[in-house]
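Visitor: Please choose one part of this structure and examine it closely, then follow it outward to whatever surrounds it. I would like each term's cut-offs along the way.

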Amino acid sequence: MTASTYSGPAALCAHSMDLMATGSREDFERVFHPQAVNREAAVEPPAARQPGFYATALWLRAAFSGLRFEIHEAAEHDDLVVFHVTMSGRHTGDFVTYQPGTATVDAAMPPAGKAFAITQTHWFRTRDGMITEHWANRDDLAMARQAGWVPPSPGFLLRAALAKRRAQNRSA
């Protein structure tokens, strides 16, 4: 389903899912409250932990080409909107995670070039026509399997170590 399928807060949140793949900074500023909280940002790059979700979108886009979120189900109650979605794309860039709340690189998954499609739920709070809070539940194990991260081959482990070193050098 697309954003035009919904109305009110659900339409706003559906639009935000589209923006993750293609939106500009200005698009994000029109949808996300300046103090919006992303409860998923603890292991994202430090810039993504600041209010506003544009840095999160850039982080995902750097790792995954053809990023897309297909909404299957939606529920809305007062200021809360929940979507059951499939996130899909192709792993074409390093996917770098950080130790929670720090700028220290935790892991870097080198691009495998493989397509993936995983289910997720996304939870949003809205106020005054803007998103104020987001959190999600993701099937990270399915993603790791589809992207070729697990079970890791010796070659993948070497490429992952090199990708982590590159990410650490960029963070320094």
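Guide: Just after helix α4, Gly148 takes a positive phi of about 85°; helices here are DSSP runs of H or I with at least four residues, strands are runs of E with at least two, and both are numbered from the N terminus. Everything here comes from a predicted model, in which local features need pLDDT of at least 70 and side-chain atom pairs count only at pLDDT 80 or more, while totals for chains, interfaces and linings use all residues. Residues are numbered from 1 along each chain as its sequence is written, and side-chain values use heavy atoms, with hydrogens and water left out.

Helix α4 itself spans residues 140-147, and in this helix Ala142, Met143, Ala144 and Ala147 are buried, where buried means under 20% relative accessible area, exposed over 50%, and partly exposed in between, with a 1.4 Å probe and protein chains only. The cover over these buried residues includes strands β2 (64-77), β3 (80-91) and β6. One of the α4 residues, Met143, is touched by Phe64, whose other contacts (heavy atoms within 4.5 Å) are Met87, Arg90, His91, Thr92, Phe95 and Phe116, leaving aside residues up to four places away in sequence.

Phe64 also belongs to the largest nonpolar core, which has 39 residues and in which Phe28, Phe64, Phe83 and Met87 have the most contacts. A core of this kind is a set of buried Ala, Val, Leu, Ile, Met, Phe, Trp, Tyr and Cys residues joined through side-chain atoms within 4.5 Å. Helix α1 (residues 8-22) gives the most to this core, with eight residues. There is also a second, separate core of six residues, and Val96, Val105, Ala163 and Ala167 are among them. In soluble globular proteins, nonpolar side chains tend to be buried together.

Among the strands that cover α4, β3 deserves a closer look: 10 of its 12 residues are buried, so β3 is largely enclosed by the rest of the structure. On one side of the pairing, β3 runs antiparallel to β2, to which it is joined by 11 bridges, and two strands count as paired if DSSP finds at least two bridges between them. Within this pair, Ile71 stands opposite Val85 in β3. The hairpin of β2 and β3 has two residues between the strands, and in it Asp78 takes a positive phi near 55°. Strand β3 also pairs with β6 in the antiparallel sense, over 11 bridges, and here Leu80 has Arg125 in β6 as its bridge partner.

Phe95, already met as a contact of Phe64, leads to strand β4 (residues 95-98), both of whose faces are covered, since Phe95 and Thr97 on one side and Val96 and Tyr98 on the other are all buried. In a regular strand the side chains alternate between the two faces of the sheet. Strand β4 pairs with β5 (residues 105-109) in the antiparallel sense over four bridges, and Thr97 has Ala107 in β5 as its bridge partner. These two strands form a hairpin with six residues between them, and in its turn Gly101 has a positive phi of about 70°.
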